[in-house]
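Thank you all for coming. I would like to walk you through one protein chain, beginning with its charged pairs and ending with the chain as a whole. Please have a look at it first.

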Amino acid sequence: VTTILIGLISLAALLFDTFQDGLPWLSLRFLTNFWSRHPEEAGIVAALAGSIWIIGLTAAFSFPLGVSAALYLEEYASKNWFTSFIRLNIANLAGVPSIVYGILGLGLFVEALALGRSLMAGALTMTLLILPTIIIASQEAIRSVPRAYREGAYALGATPWQVTRGVVLPQAFPGILTGTILALSRAIGEAAPLIVISGLVYVRFVPTGPLDSFTVMPLQIFNWVTLPQPEFRGLAAAGITVLLAVLLSMNSIAIYIRNRYQKRAR
């Protein structure tokens, strides 16, 4: 209890310090301007748009892949040493440092698939990063559905796919969405993999397609922190505030969807 209390106090102090430094810089101009050498003219619009693109593409790739893999492993795959080996390696991949995924993305997506240093390469790299987390969370949610529900559906003549679609998925979906929320929350704050595949910092345009160059908010914040002028640290605090707002908004929408499905499942 003492450790939790100390952690909460430290977090509150950190948030207070961030808001105190960042709120004076937070304005419509900050949200609509591009990067500038002059602090009073600098903004975060390119990084904000890049982060939204990255998280949207990552969700589009990782959610169906992760849920499909979890369904296959839990509902269709044979219980043998090979599937146990796959499960073990998925758990191990969840603990791999993010910088390793950045190196893999650089070699596979940027070079081998010739996607260049684009949003698509960044999103596919982040998909690799969070996919193990989504698979593990989805497996746990699917495993928590009582066996009696499946047996009842089979007794009524349902096929395996009808059981999966009509019984297992509706019951497991709230847990699946919770795991996806946590995974995407990690992805939106990651900088190391995108530095490796050379997500840019000095961007003065908003991406309009998945093959465009990009920057993201963590990279922009890191860049401002490293600059010598004290005003840029205020901009970094404002950027952190925007990043937290995007993260909380994304989580709120996902939690609302999860709760709606939870009520339907009941």
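Let me start with the salt bridges, where a salt bridge is a side-chain nitrogen of Lys or Arg within 4 Å of a carboxyl oxygen of Asp or Glu, and by this rule the count comes to six. Before going into them, I should say that this is a predicted model, in which local features need pLDDT of at least 70 and side-chain atom pairs count only at pLDDT 80 or more, while totals for chains, interfaces and linings use all residues. Residues are numbered from 1 along each chain as its sequence is written, and side-chain values use heavy atoms, with hydrogens and water left out.

As a general point, side chains of opposite charge can pair when their charged atoms come close. One such pair here is Arg87 with Glu74, whose closest N and O atoms are 3.7 Å apart. This pair links distant parts of the chain, since Arg87 lies in helix 4 (residues 81-93) and Glu74 in helix 3, 13 residues apart. Helices, I should add, are DSSP runs of H or I with at least four residues, strands are runs of E with at least two, and both are numbered from the N terminus. Glu74 counts as buried because its relative accessible area is 13%, and the cut-offs are under 20% for buried, over 50% for exposed and in between for partly exposed, with a 1.4 Å probe and protein chains only.

A second pair is Arg150 with Glu75, and here the closest N and O atoms are 2.8 Å apart. Again distant parts of the chain are linked, with Arg150 in helix 7 (residues 147-155) and Glu75 in helix 3, 75 residues apart. Arg150 has a relative accessible area of 6%, so it is classed as buried.

The next pair, Arg186 and Glu190, has its closest N and O atoms 3.3 Å apart. Is each partner buried or exposed? Arg186 is partly exposed because its relative accessible area is 28%, whereas Glu190, at 14%, is buried. Beyond single pairs, salt bridges that share partners join Glu74, Arg87, Glu140 and Arg143 into one network.

Two of those network residues come up again when we turn to Gln139, which is found in helix 6 (residues 119-143). Gln139 is buried, with a relative accessible area of 5%. Leaving aside residues up to four places away in sequence, Gln139 touches Ala70, Leu73, Glu74 and Arg87, where contact means heavy atoms within 4.5 Å.

Back in helix 3 (residues 45-76), we also find Gly56. Gly56 is partly exposed, with a relative accessible area of 37%. The C-alpha atoms of Gly56 and Arg233 are separated by 28 Å, and these two residues are 177 residues apart along the chain.

Finally, let me step back to the whole chain. Its secondary structure comes to eleven helices and zero strands. The C-alpha atoms fill a box of roughly 70 × 45 × 35 Å, taken along the principal axes. Of the 266 residues, 42% are buried. Among contacts with a separation of 6 or more, residues 24 or more positions apart account for 73%.
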